[in-house]
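Here's a quick tour for anyone meeting this structure for the first time. Have a look at the sequence and the model, then read on.

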Amino acid sequence: MYNIIAAIFDVESEGYQAMSTLSKTPIIEETSILQMALVKRENGSLKVCDSYDSGIHTTDDMLLGGLLGGLFGVLGGPVGVLLLGSYGTLAGSLVDTADALDSATVMEKVADKLVEGEVALVMLAEEINEEEIDDKLKGFKVTIARFDAAAVAEEVEQAKETEKEMERLARKELRAAKKEERKDKREAKKAEISANFAAFKEKHKKK
């Protein structure tokens with residue numbers, strides 16, 4: 001099974017520790033980790049704190065590529081801003097984390113739980129035995145959720161299309177606003193010219 005695994009840590013330092021451990025042994029017995037990213041919500045945006053990549057999708061000048069690169073590219077864009085704004089408030093509610101994770105998409109889940117001081121380790125892995133990564137993380141205070149990698153890839157593509165539509169609408173609104181602004185300026189200039197002519201005529205009458 002090819003999975004996107006989101007491990008959300010209550011303690012930030014444990015996220016770093018878990019990533020360090022897994023990056024040293026990306027291939028376990030029946031598990032292969034192709035990519036990892038440790039992410040944190042900071043000042044209302046998503047920050048990639050650290051990453052591991054097998055090199056299949058990246059070059060020396062590229063931090064993170066492939067599916068995770070696309071996923072966090074989306075979360076760092078306008079769709080991510082909407083998700084972090086809409087779902088971030090749920091993290092402070094009384095909704096149990098495990099229950100909340102069962103009813104949202106992967107991007108919503110990551111955005112929902114990430115509050116200041118908490119991190120998520122997100123992995124792209126082939127898992128024949130899901131217990132292997134769970135065993136590696138069992139010493140931490142962590143909530144683990146899994147998603148079909150192909151479904152996540154489709155979600156990322158849909159989000160990219162949404163971004164394009166948002167950008168198109170934003171440009172349309174901007175053009176309309178500029179057109180209205182130009183119209184207002186023309187009307188103001190027209191009124192100024194009219195006032196100048198009125199003043200000139202009034203002055204001419206008095207002569």
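Are F9 and F140 buried or exposed? F9 is buried, and F140 is buried too. Keep in mind that this is a predicted model, so the notes below start with the overall layout and how confident the predictor is, then zoom in on the strands, one residue and one ring pair.

**The big picture**
- The protein chain has 207 residues, and buried ones make up 36% of them.
- Its secondary structure comes to seven helices and five strands.
- If you walk along the sequence, the pattern you meet is β-α-β-β-α-α-α-α-β-α-β-α.
- Take the contacts in the protein chain with a separation of 6 or more: 75% of them are between residues 24 or more positions apart.
- The accessible surface of the protein chain is about 12400 Å², and carbon and sulfur atoms account for 53% of that.

**How far to trust it**
- Across the protein chain the average pLDDT is 75, with 71% of the residues scoring at least 70.
- Among the elements, helix α6 (residues 131-137) has the highest mean pLDDT, at 92, while helix α4 (residues 97-101) has the lowest, at 42.
- One stretch to read with care is residues 86-103, where pLDDT stays under 50; the model gives this stretch 20 contacts beyond four places in sequence.
- Another is residues 58-63, where pLDDT also stays under 50, and here the model has seven contacts beyond four places in sequence.

**Strands β1, β2 and β4**
- Strand β4 (residues 119-127) pairs with both β1 and β2.
- β1 and β4 run antiparallel and are joined by eight bridges.
- β2 (residues 31-42) is also antiparallel to β4, with nine bridges between the two.
- V122 in β4 is a handy landmark: V122 is the bridge partner of A6 and also the bridge partner of A37.
- A little further along β4, A125 is the bridge partner of I33.
- How much of these strands is covered? In β4, eight of the nine residues are buried, and in β2 it's nine of the twelve.
- As a rule of thumb, side chains in a regular strand alternate between the two faces of the sheet.

**A closer look at N3**
- N3 sits in strand β1, which spans residues 2-9.
- Why does N3 count as buried? Because its relative accessible area is just 2%, and the cut-off for buried is under 20%.
- The side chain of N3 makes a polar contact of 2.7 Å with the side chain of E127.
- Leaving aside residues up to four places away in sequence, N3 touches M123, L124, A125, E127, E130, R146, F147, D148 and A149.
- That list includes A125, the bridge partner of I33.

**The aromatic pair**
- The structure holds one aromatic pair.
- The partners are F9 and F140, and their rings meet edge-to-face, 5.9 Å centre to centre with 70° between the planes.
- This pair links distant parts of the chain: F9 belongs to strand β1, F140 lies in the loop between α6 and β5 (142-148), and the two are 131 residues apart.
- Both of these residues, as noted at the start, are buried.

Technical notes. Residues numbered from 1 in each chain as written. Predicted model: local features only at pLDDT ≥ 70, side-chain atom pairs only at ≥ 80, totals over all residues. Heavy atoms only, no water. Helix = DSSP H or I, 4+ residues; strand = E, 2+ residues; numbered from the N terminus. Buried < 20%, exposed > 50% of the residue type's maximum accessible area, 1.4 Å probe, protein only. Polar contact = N/O pair within 3.5 Å; in protein donor to acceptor, adjacent residues only side chain to side chain. Contact = heavy atoms within 4.5 Å. Pairing = 2+ DSSP bridges. pLDDT = per-residue confidence, 0-100. Areas by Shrake-Rupley, 256 points an atom, 1.4 Å probe, with all protein chains shown as cover. Phe/Tyr/Trp six-rings, centres within 6.5 Å; stacked < 30°, edge-to-face > 60°.
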